[in-house]
Amino acid sequence: MARGDFHLHSTASDGVRDPAWVVGTAAANGVRALALTDHDTTAGLAEAAAAAEAAGLRLLSGVELSADLEGVDVHLLGYGFDAAHAPLREYLAGQREGRVGRMRRIVRVLADHGLPLDAERVLAIAGEASVGRPHVARALVEAGHAASVAEAFDVWLGNGRPAHVTRERLSPAEAIALLHEAGGAVFAAHPIYLGEASDDIVRTLAGAGLDGIETYYKHYDAETVAAHHALALELGLAESGGSDYHGLGNPNDREIGDIPFADEAVAAFLSFLDGRALPGLALAGAG
Ligand code: AMP
Ligand code: FE
Ligand code: FE
Ligand code: ZN
């Protein structure tokens, strides 16, 4: 088990466990430093901070933003920012509102395809969370329209499928600037999902001010880690690691902390964050 895990989701976005459970389980698994990186929200950070303090863990402020690079969906992880920074809070609030409207559009498209769903039921499944495709997928399964969440994505909701609806997003350069302004560092999440052009996309992001890449990711084998490490060296980027835990039990999923992230790499990541002359790690007013 790794001593650091800096990519974790909770019920504040599309994870199935609440922030306190995520932090407590991380502690039980031997993790000593972590970041909760819910999609478009810092709403879980206050609960996570209380749990981390009780368990004696180090918690970084975290968030995962989706940016649009000419049609490519680029996921960026922000760390160590001030969660009370007003422009960031306003942007995140706007994204969450946009998610509700987009969910209603998805529901209309599904109805057009003969799959009626109640949008209010999707909101109920999401609960306090910022609503996303995984919640629509669960509603499709519940209504008997799909056999599993995976099938719901494969047939309907996945990128390029009939009920895939995009939403307004910043460019990566804008998202990086916003997180920097809030005092954060920005890492490219799971570059492998960017496909064949991923190295070139990371080079573009590096030119836009990216601080690092997620070299150590849940199921990566040694060869994949080595390729990411070489790219980080080429571009002078720092390296992060995380399990991207959602608690969904999909293929390739790993438990919290069960990632190929050596102690020295965890320490190097934390010293990179600590070495920045920026106001980091503030959690005041997280919400
Ligand atoms: P959204 O942020 O609403 O666009 O939903 C994206 C989330 O859906 C990702 O963070 C994953 O949690 C989940 N997801 C994306 N693709 C799949 C898939 N093929 N199977 C299961 N979950 C997926
Ligand atoms: Fe997710
Ligand atoms: Fe992601
Ligand atoms: Zn994630």
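Colleague: Glad to go through this with you! What distance separates the iron ion (ligand 2) from the iron ion (ligand 3)?

Modeller: Happy to help, and please keep in mind that this is a predicted model. The iron ion (ligand 2) is held by D14 (OD), H39 (NE2) and H246 (NE2), while E64 (OE), H75 (ND1) and H190 (NE2) coordinate the iron ion (ligand 3). The separation between these two ions is 5.7 Å.

Colleague: Thanks! How are the donor residues of the iron ion (ligand 2) spaced in sequence?

Modeller: The donors are D14, H39 and H246, at 2.1 to 2.3 Å from the ion. H39 sits in the loop between strand 2 (33-36) and helix 2 (45-55), and H246 in the loop between strand 8 (238-242) and helix 10, so this pair links parts of the chain 207 residues apart. Written as a pattern, the spacing is D-x24-H-x206-H.

Colleague: Are H39 and H246 buried or exposed?

Modeller: The cut-off for this class is a relative accessible area under 20%. H39 falls in it, and H246 does too. The word for both is buried.

Colleague: Let's turn to the other iron. What spacing do the donors of the iron ion (ligand 3) follow along the chain?

Modeller: E64, H75 and H190 are the donors, at 2.0 to 2.3 Å. Their spacing is E-x10-H-x114-H. H75 belongs to strand 5 (residues 72-79) and H190 to the loop between strand 6 (185-188) and helix 8 (198-207), so the pair ties together parts 115 residues apart in sequence. To restate the pattern you asked for, it is E-x10-H-x114-H.

Colleague: Why does H190 count as buried?

Modeller: H190 is found in the loop between strand 6 and helix 8. Buried means under 20% relative accessible area. H190 counts as buried because its relative accessibility is 6%.

Colleague: And which atoms are the protein donors of the zinc ion (ligand 4)?

Modeller: The donors of this zinc ion are spaced H-x1-H-x54-E-x179-D along the chain. H7 lies in strand 1 (residues 4-8) and E64 in strand 4 (residues 62-69), so that pair ties together parts 57 residues apart in sequence. Both H7 and E64 are buried. At 2.0 to 2.3 Å from the zinc, the donors are H7 (NE2), H9 (NE2), E64 (OE) and D244 (OD).

Colleague: Why is the arrangement around the zinc ion (ligand 4) irregular?

Modeller: Four donors count as tetrahedral if all angles lie between 85 and 135 degrees. Around this zinc ion the 4 donor atoms subtend angles from 78 to 171°, which makes the arrangement irregular. The values to remember are 78 to 171°.

Colleague: How far apart are the zinc ion (ligand 4) and the iron ion (ligand 2)?

Modeller: D244 (OD) is one of the protein donors of the zinc, and H246 (NE2) is one of those that coordinate this iron. The two ions are apart by 4.6 Å.

Colleague: Which side chains have a polar atom by an oxygen of ligand 1, and at what distances?

Modeller: The surroundings of ligand 1 include H39, G132, R133, P134, F153, H246 and N250. For D14, a polar side-chain atom lies 2.9 Å from an oxygen atom of ligand 1. An N or O atom in the R99 side chain is also 2.9 Å from a ligand oxygen. For R102, the corresponding value is 2.8 Å.

Colleague: How do the buried residues of helix 10 fall when seen down its axis?

Modeller: Helix 10 (residues 263-275) has 13 residues that should span 18 Å at 1.5 Å a residue, and its end C-alpha atoms are 18 Å apart, which agrees. A265, V266, F269, L270 and L273 are buried in this helix. They line one face, because they fall within an arc of 135°.

Colleague: Which exposed residues does the face of helix 10 turned away from its buried side carry?

Modeller: Exposed here means a relative accessible area over 50%. The residues on that face are E264 and G275.

Colleague: One last backbone point: what is the phi of E70?

Modeller: E70 is in the loop between strand 4 and strand 5, and it counts as exposed because its relative accessibility is 78%. Although E70 is not a glycine, its phi is positive, at about 45°.

Technical notes. Residues numbered from 1 in each chain as written. Chains lettered and ligands numbered in written order. Predicted model: local features only at pLDDT ≥ 70, side-chain atom pairs only at ≥ 80, totals over all residues. Heavy atoms only, no water. Donors = N, O, S within 2.8 Å, 3.2 Å for Na, K, Ca; no water. Tetrahedral: all angles 85-135°; square planar, octahedral: opposite > 155°, others 65-115°. Helix = DSSP H or I, 4+ residues; strand = E, 2+ residues; numbered from the N terminus. Buried < 20%, exposed > 50% of the residue type's maximum accessible area, 1.4 Å probe, protein only. Expected span 1.5 Å × (residues − 1). Arc of directions from axis to C-beta. Near = heavy atom within 4 Å. Polar contact = N/O pair within 3.5 Å; in protein donor to acceptor, adjacent residues only side chain to side chain.
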